[in-house]
Amino acid sequence: MSSTTFPQLVREALRRDPGRPFITAYDEANGWRTELSVTTFANWVNKTANLLVDEYLLGEGDTIRIDLQPHWLAWVFVGAAWTAGIAVTTKPNVAAHLVVAGPTFDEHLLDTDLPVVAASLDAFAGRFTTPLPEGIDDFGALWPGQPDVFIPSPPPGDMTVAWRYPDDAESQEELVLRAHAEKSERQGTRLLTAIHPLRDSAVPTLLTALVSGGSVVAVTNPRDEHWPTRYDAERPTDVLV
């Protein structure tokens, strides 16, 4: 195994086949379909990493809490954090420096002292169509102005904390190792799934797809009657629900 950090895995994927589909996302509540190639995903990650570092002044040692409903942007925020050496948590009882939420907000977010950036979670990460509460920033208004290239200083290393739990943490290398173990149990490299992108620290989906050179077909608000159609159209090798 050569790559032990998320940025290394992305660079390898870009060298191998930058144009291949990496994430295909369906929202069956409204019929949306979004497809990201490796290059497009990396571009989103870089823009969002620049946002975290330049606009919110975050860096290695900091933590963001992601409180998003299922959407491909959840993987983007995770990837952006890891690219910048920032840890991720989903637990409100873990100290954080920024909250990523949307498209709705718990009441406590309106009273927090932490900065909050919200995502509308439409198909293409656009702006909210109604004004947000005071103190909450609109990701859809912020990402277009961010640079497409991100240069971390310093780059994250093997032991850089990637995921924080209330009483524990895992490094980037530890998560990559878990992804390799997950890969060995798969039948192939294309996963069809309806699980939340952040489940199990994004290992079954994002990281395993990267270490295997594979891809993810993510279904939000799935309908049982649509599974045969999705299976026939996307030709997955594995299904995880």
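How many helices and strands are there in the protein chain? There are eight helices and 12 strands. Before going further, I should state that this is a predicted model.

Let me begin with the overall dimensions. The protein chain has a radius of gyration of 17 Å, close to the 18 Å that the globule rule gives for 241 residues, so the chain is as compact as a globular protein of that length. Along the principal axes, its C-alpha atoms fill a box of roughly 45 × 40 × 35 Å. Of the 241 residues, 52% are buried.

I turn now to the aromatic residues. The structure holds six aromatic pairs, and I shall discuss two of them. In one, Phe 6 and Trp 82 meet edge-to-face, with 5.7 Å from centre to centre and 65° between the planes. Why does this pair tie together parts that are 76 residues apart in sequence? The reason is that Phe 6 lies in helix α1 while Trp 82 lies in helix α3, residues 72-83. Both Phe 6 and Trp 82 are buried.

Trp 82 takes part in a further pair, with Trp 163. This pair is also edge-to-face, at 6.3 Å centre to centre and 65° between the planes. Here Trp 82 of helix α3 is joined to Trp 163 of strand β8, residues 161-164, so the pair ties together parts that are 81 residues apart in sequence. As for accessibility, Trp 82 has a relative value of 1% and therefore counts as buried. Trp 163 is likewise buried, with a relative accessible area of 3%. Taken together, Phe 6, Trp 82 and Trp 163 form one aromatic cluster.

The cluster leads us to the internal spaces. How many cavities of 30 Å³ or more does the count give? The count comes to two.

I take the second largest cavity before the other, since two residues of the cluster appear in its lining: Phe 6 and Trp 82. The remaining lining residues are Ala 162, Gln 172, Leu 175, Val 176 and Leu 207. About 30 Å³ of space lies in this cavity. Helix α6, residues 172-184, supplies the largest share of the lining, three residues. By class, the lining divides into six nonpolar residues, one polar and no charged.

The largest cavity has a volume of about 170 Å³. Which residues lie closest to its centre? Of the 18 residues in the lining, they are Ala 25, Tyr 26, His 71, Trp 72 and Thr 220. The elements that give two or more residues to this lining are β1 (21-27), β2 (32-37), α3 and β11 (215-220). Its composition is 12 nonpolar, three polar and three charged residues. Tyr 26 deserves a further remark: Arg 230 lies over the face of its ring, at 3.8 Å from the ring centre.

Next, the largest pocket. It contains about 230 Å³ of space. Fifteen residues line this pocket, and those nearest its centre are Pro 7, Val 10, Arg 11, Asn 46 and Thr 83. Helices α1 (6-16) and α2 (38-55) each supply at least two residues of the lining. Which element gives the most to the lining? That is α1, with six residues. By class, the pocket lining has 10 nonpolar, four polar and one charged residues.

Two local features remain. The first topic is helix α7, residues 203-212. Is this helix mostly covered or mostly uncovered? Helix α7 is mostly covered, with 10 of its 10 residues buried. Among the buried residues are Val 203, Pro 204, Leu 206, Leu 207 and Leu 210, and also Thr 205, Thr 208 and Ser 212. Leu 207 has already been named, in the lining of the second largest cavity. Following α7 comes Gly 213, whose phi is positive, near 70°.

The other feature is Asp 167, in the loop between β8 and β9 (169-171). Is Asp 167 buried or exposed? Asp 167 has a relative accessible area of 78% and is therefore exposed. Asp 167 and Asn 93 are 74 residues apart in sequence, and their C-alpha atoms are 10.0 Å apart in space.

To close, I return to the aromatic cluster. Phe 6, Trp 82 and Trp 163 form that cluster, and Phe 6 and Trp 82 also line the second largest cavity. Thank you for your attention.

Conventions. Residues are numbered from 1 along each chain as its sequence is written. This is a predicted model: local features need pLDDT of at least 70, side-chain atom pairs count only at pLDDT 80 or more; totals for chains, interfaces and linings use all residues. Side-chain values use heavy atoms; hydrogens and water are left out. On a 1 Å grid over the protein atoms alone, a cavity is a set of points where a 1.4 Å probe fits but cannot get out, and a pocket is an open set with protein on both sides within 12 Å along at least five of seven lines; lining residues have an atom within 4 Å of a point. Grid points are joined across faces, edges and corners, and a volume is the space filled by probe spheres set on the points. Helices (H or I, at least four residues) and strands (E, at least two) are DSSP runs, numbered from the N terminus. Ala, Val, Leu, Ile, Met, Phe, Trp, Tyr, Cys and Pro count as nonpolar, Asp, Glu, Lys and Arg as charged, and the others, Gly among them, as polar. Rings of Phe, Tyr and Trp (its six-membered ring) pair if their centres lie within 6.5 Å; planes under 30 degrees apart count as stacked, over 60 as edge-to-face and the rest as tilted. Buried means under 20% relative accessible area, exposed over 50%, partly exposed in between (1.4 Å probe, protein chains only). A charge sits over a ring if NZ of Lys or CZ of Arg is within 6 Å of the ring centre and within 35 degrees of the ring normal. The radius of gyration is taken over C-alpha atoms; the globule rule is 2.2 Å times the number of residues to the power 0.38.
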